[in-house]
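Reader: I'd like to go through this one feature by feature. Could you give me the general idea each time, then the case at hand?

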Amino acid sequence: ICLPMKTERGCCGYIFLGGKRSESSYNLEEIELLKLLADQAARGIEHMNLASEAAEKEKLRRELEIGRQIQQNLLPSSLPAIPGLEIAAINSPAMEVGGDFYTFIHYDRRKLGIIVGDIIGKGVAGALNMAATISSLRLIAEESTSVTEALQRLNRYLVKNTTKRSFAAVLFAILDLDEGVLRWSNAGLPDPVYVPRQGKVHYLESEEYALPPGASMHSAYMENRIKISRGDSVVLVSDGCVETRPNSGHGEDYGYDRLLDFVERNRQRGPSELVEVLRNDIHDFRGSMQLEDDFTAVAFRLIRLENGSAE
């Protein structure tokens, strides 16, 4: 006789019984008893599976919480206080732990390093990769004010010291308020959005683009620079912004043109308000509070240069 063990999820197994020693047939009472035993066994197996799934989910929840704490501890606890500069930053992970990050390097009262990055990997692994990358990049950047040298050294470190090749799309910029110059090197992220005090909003495109650090030992990085004036703003974003898709699965990505149009329409907003309304616009476009990819944005505006003139 063969008795299925049925649960609400379906059949989880079978009980097979051979013939009786007496060689007589199973009667109806015996069959009903065996059915009852099969049902009891099915419920027991289902409870064991549910308990195992709950334990696995709890383990994952604890791991994600640890990863989230690692990530949050790596992000700056406060924004730089630079005379003559307004700055804001926002980070929205797609999961409890994401791969996006931003950080700042204080060179002196009037010179600031700004780094936005995206580590390949989510969850705890992404957080640990982020920890290693941010720590290494901060140490490298603090020793040199060359954006290209910093990325080259980070690239060599990631290629040589990670057993599983870890990619890190990074944009490293240095803003010098005394000289009124912004220098940057872009390795895998969207180009900076430049908002001049007068004139059209546009992307600061590079002549050449390098592979993200960690992708190839032979990657070469180039420096870009632009004179920046009082009242000018710059917006840096991760690719989670332009690659956001509608939750319905239909339609195009948020895209570069939409981002440029959004910044143009909101150019009069200060950095703090700008990054907040940008996040809201992305969530509205997505049609969900749950993003498909991490989203990070850093925006800053000059309000005073070396001559002390105010906006």
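Author: Sure, and keep in mind that this is a predicted model. Let's begin with a single side chain: leaving aside its neighbours within four places in sequence, Glu-46 is in contact with Thr-7, Glu-8 and Arg-9. Glu-46 itself sits in helix H1, residues 28-74.

Reader: Is Glu-46 buried or exposed?

Author: Buried, because its relative accessible area is 16% and the cut-off for buried is under 20%.

Reader: On to sheets. How do I read the strand order, and which strands stand at the edges?

Author: The general idea first: strands of a sheet pair through backbone hydrogen bonds, either parallel or antiparallel. Here, one open sheet has five strands in the order S3-S12-S11-S8-S9, with antiparallel pairing. Strand S3 (85-92) and strand S9 (202-203) are at the edges with a single partner strand each, so one side of each has no neighbour in the sheet. Helix H6 (residues 271-286) packs on this sheet and touches S3, S11 and S12, with its direction at about 150 degrees to that of S12.

Reader: What are the pairings of S11 with S8 and S12 like?

Author: Strand S8 (residues 193-195) pairs with S11 in the antiparallel sense over three bridges. Within that pairing, Val-193 is opposite Val-235, and Val-195 is opposite Ser-233. With strand S12 (residues 295-302), S11 pairs over five bridges, again antiparallel. There Ser-233 has Arg-301 opposite.

Reader: And how many residues of S11 are buried?

Author: Five of five, for the strand at residues 233-237. Both faces are covered: Ser-233, Val-235 and Val-237 are buried on one side, Val-234 and Leu-236 on the other.

Reader: Now helices. Why do the buried residues of H5 end up on the same side?

Author: An α-helix has 3.6 residues a turn, so residues three or four places apart point the same way. In helix H5 (residues 255-265) the buried ones are Gly-255, Leu-259, Phe-262 and Val-263. They span an arc of only 120 degrees around the axis, which puts them on the same side of H5. Look at the other side and you'll find Asp-257 and Arg-265 exposed.

Reader: What do the buried residues of H5 pack against?

Author: Their partners are S8, S9, S11, helix H4 (239-242) and H6.

Reader: How would I look for empty space, and how many cavities of 30 Å³ or more does the structure hold?

Author: Rolling a probe the size of a water molecule over the atoms shows where empty space is left. This structure has one cavity of 30 Å³ or more, and the space in the largest cavity is about 50 Å³. Its lining includes Val-195, Ser-233, Val-263 and Phe-300.

Reader: Which element gives the largest share of that lining?

Author: S11, with three residues. S11, H6 and S12 each supply at least two.

Reader: What about the sheet that contains S6 and S7?

Author: That open sheet also has five strands, in the order S4-S5-S6-S7-S10, and the pairing is antiparallel. Its edges are strand S4 (100-108) and strand S10 (224-227), each with a single partner strand, so one side of each is left without a neighbour in the sheet. Direction ignored, neighbouring strands are turned by 15 degrees against each other on average. S6 (residues 168-176) and S7 (residues 181-187) pair over seven bridges, and Val-170 stands opposite Ala-187. Helix H3 (residues 147-161) lies across S6 and S7, at about 155 degrees to S6.

Technical notes:
Residues are numbered from 1 along each chain as its sequence is written. This is a predicted model: local features need pLDDT of at least 70, side-chain atom pairs count only at pLDDT 80 or more; totals for chains, interfaces and linings use all residues. Side-chain values use heavy atoms; hydrogens and water are left out. Buried means under 20% relative accessible area, exposed over 50%, partly exposed in between (1.4 Å probe, protein chains only). Helices (H or I, at least four residues) and strands (E, at least two) are DSSP runs, numbered from the N terminus. Two strands pair if DSSP finds at least two bridges between them. Contact means heavy atoms within 4.5 Å. Axes are lines fitted to C-alpha atoms, for helices over the stretch in contact, and angles run from 0 to 180 degrees between N-to-C directions. The arc is that of the directions from the helix axis to the C-beta atoms. On a 1 Å grid over the protein atoms alone, a cavity is a set of points where a 1.4 Å probe fits but cannot get out, and a pocket is an open set with protein on both sides within 12 Å along at least five of seven lines; lining residues have an atom within 4 Å of a point. Grid points are joined across faces, edges and corners, and a volume is the space filled by probe spheres set on the points.
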